[in-house]
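Got your viewer open and a hand on the mouse? Let's take a walk through this one, stop by stop.

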There are 2 protein chains.
Amino acid sequence: MGAGPTLKRIDPNLMALAYAIHSQMLQAADQIARAIGQDNVSYDTDVLEHHGHSDWSTSNSPVRAAAVVYPRTTADVSAIARICNALSVPMVPFGAGSSVEGNFSQPHSGICIDFSHMDQIIAFHPDDMDVVVQPGVNWVDLNRHIAHAGLFAPLDPSPTATIGGMVSTNCSGTNAMRYGTMKDWVLNLTVVLADGTVIKTRRRPRKTSAGYNLTSLFVGAEGTLGIVTEATLKLAPIPQDTSVAVVAFGSIRDAAAAASELIRSGIQLAALELMDDVQMRILNEHGSEAVRRRKWEEKPTLFVKFSGTTDGIKSDAARVGEIIRGSAQLHFAKSKQEEQDLWAARKEALFTMVNIRPRGTEIWSTDVAVPVSRLAEIIDLSKRECGQLGIFASVIGHVGDGNFHVAMMYDPRDEEQKRAVARCVHNMMSRALEMEGTVSGEHAIGIGKKDCLVDELGQDTIGLMRTVKRAVDPKWVMNPGKVFDR
Amino acid sequence: MGAGPTLKRIDPNLMALAYAIHSQMLQAADQIARAIGQDNVSYDTDVLEHHGHSDWSTSNSPVRAAAVVYPRTTADVSAIARICNALSVPMVPFGAGSSVEGNFSQPHSGICIDFSHMDQIIAFHPDDMDVVVQPGVNWVDLNRHIAHAGLFAPLDPSPTATIGGMVSTNCSGTNAMRYGTMKDWVLNLTVVLADGTVIKTRRRPRKTSAGYNLTSLFVGAEGTLGIVTEATLKLAPIPQDTSVAVVAFGSIRDAAAAASELIRSGIQLAALELMDDVQMRILNEHGSEAVRRRKWEEKPTLFVKFSGTTDGIKSDAARVGEIIRGSAQLHFAKSKQEEQDLWAARKEALFTMVNIRPRGTEIWSTDVAVPVSRLAEIIDLSKRECGQLGIFASVIGHVGDGNFHVAMMYDPRDEEQKRAVARCVHNMMSRALEMEGTVSGEHAIGIGKKDCLVDELGQDTIGLMRTVKRAVDPKWVMNPGKVFDR
């Protein structure tokens with residue numbers, strides 16, 4: 001999907017020089033099998049394929065790993081790293097495979113490390129409001145498991161995502177407006193370095209200013225600096241109550257202006273999401289039964305989520321009403337059922353679009369973020385450009401953070417259309433950078449956006465990242481080909 | 001003050017080999033004078049003394065810088081770095097001099113870089129809720145300057161602190177429970193690296209997952225990886241309303257238990273602070289006039305700060321009342337004046353103690369933080385130990401974060417008493433580490449706690465910090481002697 005892998009800047013001869021050849025990779029897999037057990041190593045073609053490609057991803061690589069290995073402990077991962085590092089074999093961690101920028105693809109082949117057997121909650125400390133987990137834990141399962149204590153991990157990426165991948169991409173989702181992103185919820189990480197050394201970035205205090213913030217260095221590094229084998233996450237109290245309101249506007253600009261006022265008001269919203277007229281039409285036509293109980297206005301719509309005490313929400317809702325009044329009509333959920341239905345509309349938007357796409361077409365989803373004052377302008381310009389190109393495109397925005405996704409549908413066999421989409425994406429990213437934004441609000445860089453990252457930060461800043469990478473992983477074996485090139 | 005400089009592990013011959021000798025440092029100063037202007041370089045003994053020692057600091061070094069330089073621009077700082085790096089001259093940034101762990105002392109001499117001339121607000125973007133500032137900007141001034149837009153930077157360290165130092169120590173204060181620490185409020189940093197290269201860690205999006213989080217690498221690195229010359233800070237809306245309540249308990253354990261329940265309740269408090277019986281007695285006896293309007297119960301007391309909408313606060317206050325009821329009597333401020341007076345009691349606590357100390361005595365203030373469930377225990381044990389040693393000690397705690405300070409008074413000429421205090425401090429830190437805490441909640445490491453940091457994180461984790469440091473600053477000229485040794 002997308003523009004395909006961006007391997008163009010890597011000389012194949014250099015690759016061969018830099019990394020072990022295939023037979024040596026198999027030797028490494030063999031050594032790993034001896035270290036962690038034959039049953040924990042797979043060479044099965046279907047398994048390799050599943051671990052090397054994603055239909056959800058904007059970028060993929062045609063290269064596959066030599067083997068997939070399944071560690072069960074930090075010591076297993078350390079053994080794997082020692083072997084791979086000694087033989088110059090790339091190591092690529094794999095969580096749920098739900099990332100969308102080719103973050104787990106294997107452009108240099110190597111060993112894919114699957115964390116599905118490291119899926120244990122190691123320690124839950126309700127009184128400290130934290131939990132220690134292995135990287136293969138799914139966040140939905142985790143939240144279900146700890147809900148009895150009135151606590152939750154307040155991130156909401158793909159429902160299949162696991163903690164390791166969430167840490168490595170610095171994920172977020174609709175909760176980010178109130179709760180921030182993954183980096184704000186990690187207290188410490190246990191990490192296996194390239195040579196197998198195991199470090200722990202912190203003990204377990206909720207607040208510290210002791211030494212370098214290595215935790216945040218690994219969060220969002222996409223496994224290029226080390227492999228996360230354990231994480232302690234801060235937890236938040238589950239709010240006493242929640243509520244949802246929706247409000248439709250005459251234009252994206254009006255919606256964004258209202259969003260801006262809400263953000264500035266100081267009312268602590270749980271989420272503030274935007275869907276454009278196209279998305280709303282899709283809900284009417286193809287939404288789930290629950291969502292189609294309501295006849296949606298096919299206009300740019302804000303979804304406002306409240307959370308807190310029941311009284312606090314009443315007060316917040318009244319203030320939101322005052323701010324919006326005059327420009328549009330707010331509709332508040334009148335029951336818990338309606339609240340769920342309204343929010344379901346927001347949550348199922350992307351899936352609905354993927355499901356209804358004509359056979360053979362693919363979806364390219366962008367992820368830029370800009371300072372919030374520029375949001376209306378960039379969404380407006382981007383929609384107009386897509387319109388001129390005759391591409392089907394819809395917008396979902398985490399407007400509370402200035403982050404939005406444009407999902408563009410195209411036929412990958414239609415070269416001209418594909419080029420048009422690529423141009424559209426490129427222009428959107430350039431525009432975001434002109435507005436002092438970022439090319440990646442929450443999907444990270446992976447293999448597809450390395451050039452964009454250079455455009456965003458410049459060679460000197462990437463140079464510093466490269467200096468750190470080279471020092472920590474001198475053989476460049478940790479998830480190579482991601483974030484930036486050697 | 002305190003245990004004095006901890007230079008014991010540095011061989012003086014190695015120092016001489018590693019860094020330029022004094023005459024070469026003066027040559028560097030001379031080159032800097034040519035680059036940034038003669039008026040911006042000082043060799044004055046009083047100036048050097050002022051920049052090399054602090055009565056507020058638990059650790060100091062007897063060594064002084066060869067010169068103090070006053071850059072006005074990022075280009076000036078870049079020129080300074082180029083010169084110092086070429087000649088192997090240490091560079092030590094200096095903000096307000098309000099840090100307390102010898103963070104700006106110059107154990108290896110070198111050039112002290114004073115940022116008092118880089119005190120400009122470069123750009124204020126109220127619609128994006130951020131502000132771009134130079135490192136010499138004082139946070140109180142900043143908040144005064146932007147208050148008209150209904151925004152503020154929600155940190156509250158020493159009122160004299162400036163942004164550069166706040167970034168470099170990852171400061172916090174009483175607002176941390178609600179708003180987090182400095183690392184949570186920095187969107188990007190412009191940093192001069194050891195060789196003079198200027199990098200910017202990010203553009204200006206409020207949310208991003210693009211590349212390594214270099215911003216967080218520099219926050220809390222105490223200037224050992226680079227010199228911050230510009231920072232973009234996120235801002236928060238000033239809450240519509242605030243309120244304060246106080247509640248006295250029979251014991252520290254009861255107070256901490258109540259605090260724990262409040263934290264778990266999900267009520268979003270603005271702050272939750274604890275002062276012990278000793279601190280309360282000091283307020284009655286030596287507080288300011290405003291504070292002495294009230295006769296304080298001389299018992300462990302929680303200070304609860306509310307913020308939000310007026311109605312929201314009413315609802316929060318009612319819930320706090322329900323939780324506390326039965327164990328103690330809550331007193332809510334009945335007017336804005338009383339609210340100010342109550343909070344003033346908390347804010348002036350440390351200053352009052354410093355002011356009333358007998359001539360010749362000094363105060364050693366600790367800064368450990370532990371998982372919140374262990375807070376009552378460690379405060380209790382620490383108080384008891386101080387009591388047994390006959391040392392005057394009082395406790396102020398940011399209990400919402402598990403962080404607290406014990407201020408111990410001692411006579412530095414009394415060797416036995418000094419040793420007793422040192423032992424008490426050491427035991428408190430060991431206890432905090434056993435409880436999976438940290439030796440530094442918000443004061444950073446500086447020169448006095450390097451050994452403790454090794455105890456806290458272990459040699460492998462410090463080894464990774466050292467690897468990063470060595471790669472980024474190969475000549476080890478950026479604020480050497482801080483955080484960890486070479």
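## First stop: a proline in a strand

Select A:Pro237: its relative accessibility is 19%, and since buried means under 20%, this residue counts as buried. Keep in mind as you go that you are looking at a predicted model.

Where does A:Pro237 sit? Colour by secondary structure and you'll find A:Pro237 in strand β11 of chain A, which covers residues 236–237.

Now show what surrounds A:Pro237, skipping neighbours within four places in sequence. From chain A, the contacts are A:Met129, A:Gly150, A:Leu151, A:Phe152 and A:Tyr179. Chain B joins in as well, with B:Ile263, B:Arg264, B:Ser265 and B:Gly266 in contact with A:Pro237.

For a sense of scale, add A:Ile363 to your selection. A:Pro237 and A:Ile363 are 126 residues apart along the chain, and a C-alpha to C-alpha line between them spans 37 Å.

## Zoom out: chain A as a whole

Hide chain B for a moment and look at chain A on its own. There are 17 helices and 18 strands to find in chain A. Along its principal axes, the C-alpha atoms fill a box of roughly 70 × 60 × 45 Å.

How does the radius of gyration of chain A sit with that of a compact globule? For 486 residues a compact globule would come out near 23 Å, and chain A has 23 Å, so the two agree.

Try colouring by burial next: 64% of the 486 residues in chain A are buried. Then think about which parts of the chain meet. Take the contacts in chain A between residues at least 6 apart in sequence: 72% of them join residues at least 24 apart.

Switch to a surface view and chain A shows about 17200 Å² of accessible surface, with 50% of that belonging to carbon and sulfur atoms. Colour the charged side chains and you'll have 50 positive and 56 negative ones in chain A, with the centres of the two sets 2 Å apart.

## Bring chain B back

Show both chains again and select where they touch. You should light up 89 residues of chain B in contact with 89 residues of chain A. About 6900 Å² is buried between the two chains, and carbon and sulfur atoms give 57% of that area. On the chain B side, pick out B:Arg203, B:Lys207 and B:Tyr212: these lose the most area to chain A, together 14% of what that side buries.

Now go to B:Asn213, in the loop between β9 (198–200) and α8 (214–218) of chain B. Which residues does B:Asn213 touch, not counting residues up to four places away in sequence? From chain A there are A:Lys183 and A:Ser216, and from chain B there is B:Arg202. B:Asn213 is at 9% relative accessibility, so this one counts as buried. For another ruler line, try B:Asn213 to B:Pro62: they are 151 residues apart in sequence, and their C-alpha atoms are 36 Å apart in space.

## Last stops: two positive phi angles

Select A:Asn170, in the loop between α6 (163–168) and α7 (176–179) of chain A. A:Asn170 is not a glycine, yet its phi is positive, about 50 degrees. A:Asn170 is also buried, with a relative accessible area of 6%.

Hop over to chain B for B:Ser109, in the loop between β3 (91–94) and β4 (111–114). Here too you have a residue that is not a glycine with a positive phi, about 55 degrees for B:Ser109. Its relative accessible area is 10%, which makes B:Ser109 buried.

Definitions and conventions:
Residues are numbered from 1 along each chain as its sequence is written. Chains are lettered from A and ligands numbered from 1 in the order in which they are written. This is a predicted model: local features need pLDDT of at least 70, side-chain atom pairs count only at pLDDT 80 or more; totals for chains, interfaces and linings use all residues. Side-chain values use heavy atoms; hydrogens and water are left out. Helices (H or I, at least four residues) and strands (E, at least two) are DSSP runs, numbered from the N terminus. The radius of gyration is taken over C-alpha atoms; the globule rule is 2.2 Å times the number of residues to the power 0.38. Buried means under 20% relative accessible area, exposed over 50%, partly exposed in between (1.4 Å probe, protein chains only). Contact means heavy atoms within 4.5 Å. Accessible areas come from the Shrake-Rupley method with a 1.4 Å probe; for residues, only the protein chains shown count as cover. Lys and Arg count as positive and Asp and Glu as negative; His and the chain ends are not counted. The place of a charge is taken as NZ of Lys, CZ of Arg, CG of Asp or CD of Glu. Buried area is the accessible area (1.4 Å probe) that two parts lose on being put together, summed over both.
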